[in-house]
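Here's a quick briefing on how a few helices sit in a protein model. Have a look at the structure first, then read on.

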Amino acid sequence: MNSKLFIQAITKFLAGVLLLALLLFLPAGSLKYWNGWVLMGVLFIPMFIAGLVMMAKSPELLKKRLNAKEKEGEQRAVIALSGLMFLAAFIVAGLNYRFAWIEMPVWSIVLGVVLFLLSYGLYAEVLKENEYLSRTIEVQENQRVVNTGLYGIVRHPMYAATLILFLSMPIILGSPISFLIMLAYFPIIRKRVLNEEKVLEEGLEGYREYCQKVKYRLIPYIW
């Protein structure tokens, strides 16, 4: 086992757990905010298991997923905007619980959990199909175009899964206002996708032809 990679992974994991807990439970003013515990459970338990699997079977993929330092200026702006969106959505969700602004029915929370887990399943499939996945926009050495499986349906199945995942979070948290905030992800991810395609078209052989074959970026028959 790569001890350095393990320490890096577990440190980022624990930092994420602590940060999300602070963003949810401090505004909520209580640890009884059960929606927050549900989100943390469905988010971090599968994430921890996936990290262990990647550590054992594909440490290089785990290393790529941990690298979040973008070289592209546009992508740094995307990350900053996404961060602001998450801050606002999570804080508002906690405040929604504290002041009981809007209460959502339990069945909607269950639906949110189902959508969240579905997105994780799609995400796992994408990781299996594409060994070149990275959190940063780059063309890797010996990279080839992946055009099978989910990549034969849309060009960016990982972002499609992420879209479902992000929009299900405020549903789990029981906050319609946070859901409206999360809709900002549409223009944010559009900016990221268009920039990524520009980089890939310039640096990855066969990507232009792939774009001509697979017409839709995120949502079949829509975009």
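In helix H5, the buried residues (under 20% relative accessible area with a 1.4 Å probe, protein chains only) are Ser 108, Ile 109, Gly 112, Val 113, Phe 116, Ser 119, Tyr 120, Val 126, Leu 127 and Glu 129. Keep in mind that this is a predicted model, where local features need pLDDT of at least 70, side-chain atom pairs count only at pLDDT 80 or more, and totals for chains, interfaces and linings use all residues. Residues are numbered from 1 along each chain as its sequence is written, and side-chain values use heavy atoms, leaving out hydrogens and water.

**Helix H5**
- H5 is a helix (a DSSP run of H or I, at least four residues, numbered from the N terminus) that covers residues 106-129.
- Its 24 residues reach 35 Å from first C-alpha to last, close to the 34 Å expected at 1.5 Å a residue (1.5 Å times one less than the number of residues).

**H1 against H2**
- The axes (lines fitted to C-alpha atoms over the stretch in contact, with angles from 0 to 180 degrees between N-to-C directions) of H1 (residues 3-28) and H2 (residues 34-57) come within 11 Å and cross at roughly 175 degrees.
- That makes the two helices roughly antiparallel (over 145 degrees).

**Leu 5**
- Leu 5 lies in H1 and counts as buried, at 6% relative accessibility.
- Not counting residues up to four places away in sequence, Leu 5 touches (heavy atoms within 4.5 Å) Met 55, Pro 59, Leu 62, Lys 63 and Leu 66.
- Leu 5 and Leu 62 are 57 residues apart in sequence, yet 8.4 Å apart in space, C-alpha to C-alpha.

Methods. Parallel < 35°, antiparallel > 145°, perpendicular 65-115°, else oblique. Buried < 20%, exposed > 50% of the residue type's maximum accessible area, 1.4 Å probe, protein only.
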